[in-house]
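Trainee: I'd like a close look at one strand in this model, and then a walk through whatever else stands out around it. Could you take me through it slowly?

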Amino acid sequence: MDKYPDQKRAVQFLYPPVDPFDQRMMDVGDGHKIYVEQCGNPSGIPVVVLHGGPGGGCSPAMRRYFDPAVFRVVLFDQRGCGRSRPYAVIENNTTWHLVRDIEMIREALGIDRWIAFGGSWGATLALIYAQTHPDRVRELVLRGVFTMTQAEIDWFYAGGAGKFWPEVWARFIAPIPEDERGNLVAAYHRRLFSGDRMEETKYGRAWASWENALASIHSNGAGGEAPGEYARAFSRLENHYFINGGFLEFDGQILAHMDRLADIPGTIVQGRYDMICPPESAYAIVQKWPRGTLKLVRNAGHALSEPGISSELVRTMDRIGQTEQI
């Protein structure tokens, strides 16, 4: 979840634009090559940035949440999206492939331990990665937490969020026949993977528009129309992950494994009025995370670009930079 934020509202809180000092395509096997970049201080505190979606990709604005004199920031486009290739491909593309990719990047860059920074699906991936490799994570900084439970998926795709946005919900379900609306994820899946590129693009735009319309607290309900090829790729990848429950072993796995993070400090920055990933999940996480802190931002929704979200994330990273030793 989470792509197209309105970056302009956040810009006043961010560091100035910065160019990468390293860009590469990394062959991770299985026919996939992923785009990886580094910016900031090559000798700084390492941070890996995990973007949302699944399928969203990184943007230059994501580099700007970190003091470039303090942090060594690693960004990459996950399999099938952004500048990674092949594009929009779901084969050999699961959560566990991504966890393995993160480890391959860490090893290739000679990093021992790093901070994992992620929002929405990026927060999901950060938690799973940290639970799998707790010895490689020095701290977690998360935003708009999503734990890939069926209840969270149902909230967004079975009518929960639609109760607050009935006119936008009506627009989302309109292309689906009434007898298929009992499982909209499956209904969209059939169309996003129909083999008809025009149909896949049409339904990709509808899928992406529903999410984009609810991302910001300032939304007027207009989701906007993403470029066709991006909307198709984003929606196919996201739907692929959701229909498979994130490829987790069981529903509720992340919460059940929070004991693995007992020695890892972390901060969750959460919009009080997040319609995509309601605060309930973030609250449940910190109840089982002794070293986790929840910062609820009033008058904020889900988007990375919310002023309160951006300022709190930058403040959190500045605090870490001032206190953590390399």
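**A strand with neighbours on both sides**

Mentor: Let's start with one pair: V49 stands opposite L75, a residue of β4. Keep in mind throughout that this is a predicted model. V49 belongs to β3, and β3 is joined to β4 by 5 bridges, with the two strands running parallel. β3 also pairs with β5, residues 114–119, through 4 bridges, and that pairing is parallel as well. If you want a residue to click on there, take L50, whose bridge partner in β5 is G118.

Now look at how β3 sits in the fold. In a regular strand, side chains alternate between the two faces of the sheet. For β3 you can follow both sides: I45, V47 and V49 are on one, P46, V48 and L50 are on the other, and all of them are buried. That makes 6 of 6 residues buried, so β3 is largely enclosed by the rest of the structure.

Next, the loop that follows. Between β3 (45–50) and β4 (71–76) there is a loop, and P54 lies in it. The peptide bond joining G53 and P54 is cis, with omega about 0°. A second one turns up past β4: R85 and P86 are also joined by a cis peptide bond, again with omega about 0°. P86 has its place in the loop between β4 and α1 (95–108).

That brings us to α1, the helix where D101 is found. D101 has 0% relative accessibility, and since anything under 20% counts as buried, D101 is buried. What does this acidic side chain have for company? The D101 side chain makes a polar contact with the side chain of R79, at 2.7 Å. Leaving out residues up to four places away in sequence, D101 touches V28, I34 and R79.

While you're browsing the backbone, check two residues with unusual signs. D30 has a positive phi, about 60°, although it is not a glycine. You'll find D30 in the loop between β1 (22–29) and β2 (32–40). With a relative accessibility of 36%, D30 counts as partly exposed. N299 is the other one to look at: its phi is positive too, about 55°, and it is not a glycine either. N299 sits in the loop between β8 (292–297) and α10 (307–323), and its relative accessible area of 48% makes N299 partly exposed.

Last stop, a pair of helices. Two packed helices are described by the angle between their axes and the distance between the axes. Helix α6 (residues 197–214) packs against helix α7 (residues 228–243) at an angle of about 75°, and their axes are 7 Å apart. The two helices are therefore roughly perpendicular to each other. On the α6 side, the contact is made by R197, E200, T201, G204, R205, W207, A208 and E211. The α7 side brings G228, E229, A231, R232, F234, S235, R236, E238, N239 and F242. Sort the residues of this contact by type and you get 5 nonpolar, 5 polar and 8 charged.

Technical notes:
Residues numbered from 1 in each chain as written. Predicted model: local features only at pLDDT ≥ 70, side-chain atom pairs only at ≥ 80, totals over all residues. Heavy atoms only, no water. Axes fitted to C-alpha atoms, helices over the stretch in contact; angles between N-to-C directions. Parallel < 35°, antiparallel > 145°, perpendicular 65-115°, else oblique. Contact = heavy atoms within 4.5 Å. Nonpolar A, V, L, I, M, F, W, Y, C, P; charged D, E, K, R; others polar. Buried < 20%, exposed > 50% of the residue type's maximum accessible area, 1.4 Å probe, protein only. Polar contact = N/O pair within 3.5 Å; in protein donor to acceptor, adjacent residues only side chain to side chain. Pairing = 2+ DSSP bridges.
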